[in-house]
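Reader: Hello! I would enjoy a close look at one part of this model, with some of its surroundings for context.

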Amino acid sequence: MTENRTLTHLDAAGRARMVDVTAKEWTRRIAVARGRVVTHVDVAATLSGDVVTQARVAGADAAKRAWDLIPLCHPIRLVDVDLTIEPIGSEVAVEATTEVFAPTGVEMEALTACSIAGLVLVGALRHHDPDAMLTGVGLWRKEGGRSGTWIRPD
């Protein structure tokens, strides 16, 4: 894709600014972010339900604070945050789905939730595997707003 795009968080002089969303339509918006924790141990045998619950709660709390953590991110009132954490052999799949009814997207909240949940898992695994790492965090789907639905191509 060679289309010319400008960054939305810069003004005409190239200075950082918050995007003005007053004229944007209020719609239901959903975003899904995914990542994975890679380790050298059998995760299913190592992670307890309490650790997974802690990661899910931390991810949901982080989504609610994305605006406080990421400069120029709009404070929005989330209507739903759902995290799925699934140990598979020596990996843990992390998926965060966020939803809002607002004039701005909810992608940063999903990415923040996924990242923080993954970091909690890395911290829990650190004793067994100091090489454990969070990788592949990215946006996989978004719905709503002017641009409609976008799905990451495989």
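Which element gives the largest share of the lining of the largest pocket, and how many residues does that share hold?

Author: Happy to walk you through it, bearing in mind that this is a predicted model. The element you are after is α4, which contributes four residues to the lining of the largest pocket. Two or more lining residues also come from β4 (133-143). In total, 28 residues line the pocket, and those nearest its centre are T8, H9, V19, K24 and E107. By character, the lining is made up of eleven nonpolar, nine polar and eight charged residues. The space in this pocket comes to about 940 Å³.

Now to the core, where α4 (107-125) appears again. The largest nonpolar core has 30 residues, and L47, I85, V92, V94 and L121 touch the most other members. At least two core residues come from each of β1 (27-38), α2 (49-64), β2 (78-88), β3 (91-102) and α4, with α4 supplying the largest share, eight residues. Take V92 as an example: beyond its neighbours within four places in sequence, V92 contacts G35, R36, V37, V43, L47, I85, E86, P87 and L121.

One last feature is the aromatic pair, the one found in a search of the whole structure. W26 and F101 are tilted, with 6.3 Å centre to centre and 40 degrees between the planes. Because W26 sits in the segment before β1 and F101 in strand β3, the pair ties together parts 75 residues apart in sequence. W26 is exposed at 54% relative accessible area, while F101 is partly exposed at 48%.

Key:
Residues numbered from 1 in each chain as written. Predicted model: local features only at pLDDT ≥ 70, side-chain atom pairs only at ≥ 80, totals over all residues. Heavy atoms only, no water. Core = buried A, V, L, I, M, F, W, Y, C linked by side-chain atoms within 4.5 Å. Buried < 20%, exposed > 50% of the residue type's maximum accessible area, 1.4 Å probe, protein only. Contact = heavy atoms within 4.5 Å. 1 Å grid on protein atoms, 1.4 Å probe; cavity = no way out; pocket = protein on both sides within 12 Å on 5 of 7 lines; lining within 4 Å. Points joined across faces, edges and corners; volume = space filled by probe spheres on them. Nonpolar A, V, L, I, M, F, W, Y, C, P; charged D, E, K, R; others polar. Phe/Tyr/Trp six-rings, centres within 6.5 Å; stacked < 30°, edge-to-face > 60°.
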